[in-house]
Amino acid sequence: MINLDGLAPADRFSFWWEAVAHSVVPVHAVSTDPLTFWAEMTSLDLGTVQIARVRCRPFEARRTPRLIRRADPALLQLSLTLCGRSGIEQQDRQATLAPTDLVLFDTSAPFRAWTVPDVTADGIVVRFPRDALPLSPGAVRSLTAHRLPGHDSVGALLTACLRQALRQGPSLTSADAARLSPIVVDLITAVLAHELESDPRATPTGTRETLLLRLKDHILRHLADPDLSPATIAAAQSISVRSLHRLFEGEGQTLSAWIRGRRLERCRRDLADPVQNRVPIRTVAARWGFTDPAHFSRAFREAYGSSPQEYRDRCRTG
């Protein structure tokens with residue numbers, strides 16, 4: 001936990017934003033009355049995902065192009081407002097947020113964030129790598145600074161998960177955290193996908209993004225199938241194989257590389273799970289579609305810098 005109770009009032013504002021710069025990203029912040037500023041943060045580290053409960057007095061913060069050039073961790077942040085009112089401005093869009101509202105923003109692009117005067121803001125912030133989401137850069141840009149409901153549908157599921165994770169944080173083991181991290185990412189993806197599907201105007205390429213989401217969802221549900229191929233994927237969505245590959249051209253990697261990456265992520269998660277320590281590595285690989293153990297070992301080393309056995313041993317001793 002980070003709080004300012006033991007500091008002199010004149011030091012609190014600068015100390016807080018230095019802590020934010022180290023734990024999140026640097027921003028330029030101002031307050032109408034720095035001497036009365038107060039804040040506290042309780043964090044939960046899930047590995048890929050970090051969740052924090054933040055309470056603070058009013059402020060305004062800006063992330064500028066100069067700050068981005070100095071430090072760009074390529075993170076996305078999802079903010080849930082619990083109490084008070086706040087706002088975020090990015091990509092020429094502005095979202096005004098009330099309790100239960102969610103909003104996504106990108107730390108690699110300039111933004112302005114603020115809370116309203118005379119009220120202590122209370123919220124939850126989730127930080128995760130941009131490439132953890134199975135969404136194209138265009139889809140992510142279309143959803144930043146876009147108010148998302150957190151009180152119903154999949155938004156309510158995500159909100160409940162974040163609240164409960166913070167409550168149970170002290171009792172979670174490192175293995176629990178590793179299992180919970182992909183669940184949080186999947187729920188965030190579900191919220192964003194729901195927004196894209198229900199409001200195609202959120203992105204100028206809504207039809208393409210929706211189809212791409214369906215394709216990725218199909219792939220993720222069939223990762224364990226060793227016969228998963230461009231032909232079977234295209235047939236399931238009633239498109240041509242050529243159209244399938246064209247859809248993935250904007251993803252920065254080929255369809256085969258995207259599938260291999262998702263399979264490797266699942267294998268890495270299982271190898272780090274102490275409950276599965278006695279499961280042979282070849283069984284873990286086959287579970288996620290790798291039928292050739294030698295090919296799996298080479299792909300794993302290329303992706304993560306160590307063999308599957310070395311990675312499992314490191315997790316056991318870590």
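Visitor: Which word fits P65: buried, partly exposed or exposed?
Guide: P65 counts as partly exposed, at 46% relative accessibility. Buried means under 20% relative accessible area, exposed means over 50%, and partly exposed lies in between, with a 1.4 Å probe and protein chains only. This is a predicted model, in which local features need pLDDT of at least 70 and side-chain atom pairs count only at pLDDT 80 or more, while totals for chains, interfaces and linings use all residues. Residues are numbered from 1 along each chain as its sequence is written, and side-chain values use heavy atoms, with hydrogens and water left out.

Visitor: Where is P65 placed?
Guide: P65 is in helix α2, residues 65-70. Helices (H or I, at least four residues) and strands (E, at least two) are DSSP runs, numbered from the N terminus.

Visitor: And how many Å apart are P65 and S256?
Guide: Their C-alpha atoms are 35 Å apart in space, and the two residues are 191 apart in sequence.

Visitor: Turning to the sheets, what is the order of the one with 7 strands?
Guide: The order is β1-β3-β4-β11-β6-β9-β12, in an open sheet with antiparallel pairing. Two strands pair if DSSP finds at least two bridges between them.

Visitor: Which strands stand at the edges there?
Guide: They are β1 (2-3) and β12 (148-149); each has a single partner strand, so one side of each lacks a neighbour in the sheet. The antiparallel strands β1 and β3 are joined by 2 bridges, and N3 has E40 in β3 as its bridge partner.

Visitor: Which helix packs on the sheet and touches β1?
Guide: Helix α1, residues 9-23, does so, and it also touches β3, β4 and β11. Contact means heavy atoms within 4.5 Å. The direction of α1 makes about 15 degrees with that of β3. Axes are lines fitted to C-alpha atoms, for helices over the stretch in contact, and angles run from 0 to 180 degrees between N-to-C directions.

Visitor: What does helix α4 lie across?
Guide: Helix α4 (residues 153-168) lies across β3, β4, β6, β9, β11 and β12, and it runs at about 85 degrees to β4.

Visitor: What about the sheet of 5 strands: what is its order?
Guide: That open sheet has the order β2-β5-β10-β7-β8, again with antiparallel pairing. Its edges are β2 (28-30) and β8 (93-97), each with a single partner strand, so one side of each is without a neighbour in the sheet. From one strand to the next, the twist averages 10 degrees.

Visitor: How many bridges join β2 to β5?
Guide: There are 3 bridges between these antiparallel strands, β5 covering residues 60-63. In one of these pairings, H28 has R62 in β5 as its bridge partner.

Visitor: New topic. How many salt bridges are there?
Guide: The count is 17, where a salt bridge is a side-chain nitrogen of Lys or Arg within 4 Å of a carboxyl oxygen of Asp or Glu. One of them pairs E40 with R55, with the closest N and O atoms 2.8 Å apart. E40 is in strand β3 (residues 39-45) and R55 in strand β4 (residues 50-56), 15 residues apart.

Visitor: Are those two residues buried or exposed?
Guide: E40 counts as buried at 14% relative accessibility, whereas R55 counts as partly exposed at 25%. Both belong to a network of salt bridges that links E40, R53, R55 and D122.

Visitor: What does E60 form a salt bridge with?
Guide: E60 forms one with R112, the closest N and O atoms being 3.7 Å apart. E60 lies in strand β5 and R112 in strand β10 (residues 111-115), so the pair ties together parts 52 residues apart in sequence. E60 counts as partly exposed, at 24% relative accessibility, while R112 is buried, with 17%.

Visitor: And what is the partner of R130 in a salt bridge?
Guide: R130 pairs with D106, the closest N and O atoms lying 3.5 Å apart. R130 sits in the loop between β11 (121-129) and α3 (137-143), and D106 in strand β9 (residues 101-106), 24 residues apart. R130 is partly exposed at 28% relative accessibility, but D106 is buried at 10%.

Visitor: Lastly, how many disulfides are there?
Guide: The count is 0 disulfides, taking a disulfide as a pair of cysteine sulfur atoms within 2.5 Å.

Visitor: Why is C315 not bonded to C267?
Guide: The closest cysteine sulfur to that of C315 is in C267, and at 13 Å it is too far for a bond. C267 is buried, at 0% relative accessibility, and C315 is partly exposed, at 28%.
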